[in-house]
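Subject: Structure for your review

Dear colleague,

Please find the structure below, together with its sequence. A summary of what was found in it follows.

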Amino acid sequence: MPVLTLENIHLSIGETPLFDNIQLNIQPRDKIALVGRNGAGKSTLLRIMAGLELPDAGSIKSEHKIALLNQSLPTQDNQTTFEYVSSGLQDIGKLLQHYHHLTHDTPAEQQDDAWLSQLQHVQQDIDAQNGWDIQHRIEKIMTELDLPEDKLLKELSGGWRRRLDLAKTLINEPDLLLLDEPTNHLDIAAIRWLETYLLSYPKAIVFITHDRALLKNLANHIIEIDRGQLYNYTCDYSTYLQRKAKREEDEETALKKLDQKLSEEEAWLRQGVKARRKRNQGRLRDLISLRDTRQSYQGQQQKPTFEANQVARSNKIVLEADKISFAYPDQPPIIKDFSFVLQRKEKIAIIGPNGSGKTTLINLLMGLLPLSAGKLHHSPNNQIAYFDQKRDTLRPECSLIDNVTEGDDFIEINGKRKHIVGYLGDFLFSPKKAHAKARSLSGGEQNRLLLAKLFAKPANILILDEPTNDLDLESLELLESLLLEYTGTVLIISHDREFIDNVATHYIAYKQDGQLETGVGGYSDWRQRETHLEKKEAIGTPVETKMNENKPPVQASQPVLKSAQTKKLNYNEQRELKALPLKIEQLESELEILQKTMQQSDFYQKSQNEIKPIHDKFNEIQSTLEQYYARWEELE
């Protein structure tokens, strides 16, 4: 039985149909990616599914629990994090909030008999509604997302608010989970956690994302919105791209045949007087029908065409940082003793969690912040174009044209003059839109306008701070292609794993205490190195063992250190410790195989009897791995 059914849904904006009598059935274990251009109606369709927006015609049928994660961030600034997460649970949520206030906010001196009586009543009410499991679920998910319990929302950044909204949405464990750009504002660690959670989520998911790694790993069903129609593809994303290309090719062939037939019939209509007297009235009706068909046809949408305005190339050494450091007053260092050389044509991704200082590093390298220590040398012919993730460089009350050219009618791109309306058309802005104010644009449109402004500026260095946010997949892939062909130097901050992998030649990664490291490659290369180091640190190497053997013995004046470090393992414990790495490696391999099985496009189309054993095995191996790692740490 479907979790949700859409029947003959029609919705128009003005005279243009956004949805034209669309049909859709969502099954209990579907993992559906909703794809399409910015403005195609993806977010609107999610809101219709959630019952938050009504279509002009058609029906929505569902008797299941549905939860929607919006693109917008929560704004209840004076709520605590616990209050916000539990507020999605209605009556039991209010009880848990009351219990939380009693146990966390009541000073010890006020915990009298009246307080105890009130606490007992609340506990009994929670017992009656089986609320302790839900309390545990809230605490577990907030711990996994590293969320503090009693911070006010107004104290949280965008990244933390996104985590909070995720917790509130997921805590309900709905039968249908609707996610609108869930990775926006999240750092890579949080994205990886979310991906793992969703892979093992046993119910239906419909999601919109520009994160291709998440899309490829999670989706077993693709639904494309194109010109008011839904196109269903029961397959993974890579197969969808092949089938979409074939559909567009067939559509183009059919259109050529229609135009040829129409041309022949129009020629027949234009024959002389004699032919008109003998005209076949049925054929004339067919011609009128052909004209109507051609007139109603909406052609394939124009594709964006980005082009960067390049200038004379920079010197081979673009920038050199010598032991640079930065810290705000009375704060620990954000960057400490960092040295590196940036060379022409390098494309460097800056990797690190939210709040680590990635944008600060960019501002230091651009000279927008003063160094606390060290030296920075720029090549004299550097010309920088900067993409600001906050969109501060846009002037919301000015038109798109004024934002890009200060009112000029023409723009020069690589020595060629181009009319500004035509240039903005390359970024999918209509002539009417080009004269509209920037504040009228959606988030994705604002990002495209920023790219238009960025690429209009002559530059040999591009600095891009989160350029992929809100871009549709087509624009994202085009930006990627442009950067790959770009002959200048690029610095990128992005949490899009595939984007970094496809574009970056090197990375700068944040470690602890303001330390940075550099390496060759993209996100996967950095992740592989980190995983390798983690395993080495866990297992220990012969070199490390030798170093430990050469350390001086603990002095008698340090009795605090007399602990398990000095305890000798017995024979069985030594054998157990020696065997653990191999056991862990085998279990990790099994886990990887199960994960690949769960990612197959038809996995969730199988019966519950086939799916449940695999889920159970997956959870069992994860649990055993945790035990093995804990035992390893204990024996070490």
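Among contacts in the protein (heavy atoms within 4.5 Å) between residues at least 6 apart in sequence, 69% join residues at least 24 apart. This is a predicted model, in which local features need pLDDT of at least 70 and side-chain atom pairs count only at pLDDT 80 or more, while totals for chains, interfaces and linings use all residues. Residues are numbered from 1 along each chain as its sequence is written, and side-chain values use heavy atoms, with hydrogens and water left out.

The protein contains 22 helices and 20 strands; these are DSSP runs numbered from the N terminus, helices being H or I of at least four residues and strands E of at least two. Of its 636 residues, 44% count as buried, where buried means under 20% relative accessible area, exposed over 50% and partly exposed in between (1.4 Å probe, protein chains only).

Helix H6

Helix H6 covers residues 158–170. At 1.5 Å a residue its 13 residues should span 18 Å (the expected span is 1.5 Å times one less than the number of residues), and the end C-alpha atoms are indeed 18 Å apart. Ten of the 13 residues are buried, so H6 is largely enclosed by the rest of the structure. Among the buried residues are Gly159, Arg161, Arg162, Arg163 and Asp165. Their cover includes strands E5 (66–69) and E6 (176–180), as well as helices H2 (81–86), H5 (132–144) and H7 (188–199).

Salt bridges

The whole structure holds 23 salt bridges, each defined as a side-chain nitrogen of Lys or Arg within 4 Å of a carboxyl oxygen of Asp or Glu. One of them involves H6: the side chains of arginine 163 and aspartate 187 meet at 3.2 Å, N to O. Aspartate 187 lies in the loop between E6 and H7 and arginine 163 in helix H6, so this pair ties together parts that are 24 residues apart in sequence. Aspartate 187 is buried, at a relative accessible area of 4%, and arginine 163 also counts as buried, at 10%.

A salt bridge of 3.1 Å, N to O, joins the side chains of glutamate 397 and arginine 439. This pair links distant parts of the chain, 42 residues apart: glutamate 397 is in the loop between strand E14 (384–387) and helix H13 (400–405), and arginine 439 in the loop between helix H15 (431–434) and helix H16 (443–456). Glutamate 397 is partly exposed at 47% relative accessibility, whereas arginine 439 is exposed at 51%.

Glutamate 576 and arginine 631 also form a salt bridge through their side chains, at 2.8 Å, N to O. Glutamate 576 belongs to helix H21 (residues 571–599) and arginine 631 to helix H22 (residues 608–635), so the pair ties together parts 55 residues apart in sequence. Glutamate 576 is partly exposed, at 29%, and arginine 631 is partly exposed, at 23%.

In addition, Glu224, Asp226, Lys244, Arg247 and Glu248 are linked in a network of salt bridges.

Cavity

A search of the whole structure finds one cavity of 30 Å³ or more. A cavity is a set of points on a 1 Å grid over the protein atoms alone where a 1.4 Å probe fits but cannot get out, and lining residues have an atom within 4 Å of a point. The largest cavity holds about 40 Å³ of space, a volume being the space filled by probe spheres set on the points, which are joined across faces, edges and corners. Its lining includes Val318, Leu342, His378 and Ile461. Strand E10 (317–326) and strand E17 (461–465) each supply at least two lining residues.

Yours sincerely

How values were computed
1 Å grid on protein atoms, 1.4 Å probe; cavity = no way out; pocket = protein on both sides within 12 Å on 5 of 7 lines; lining within 4 Å.
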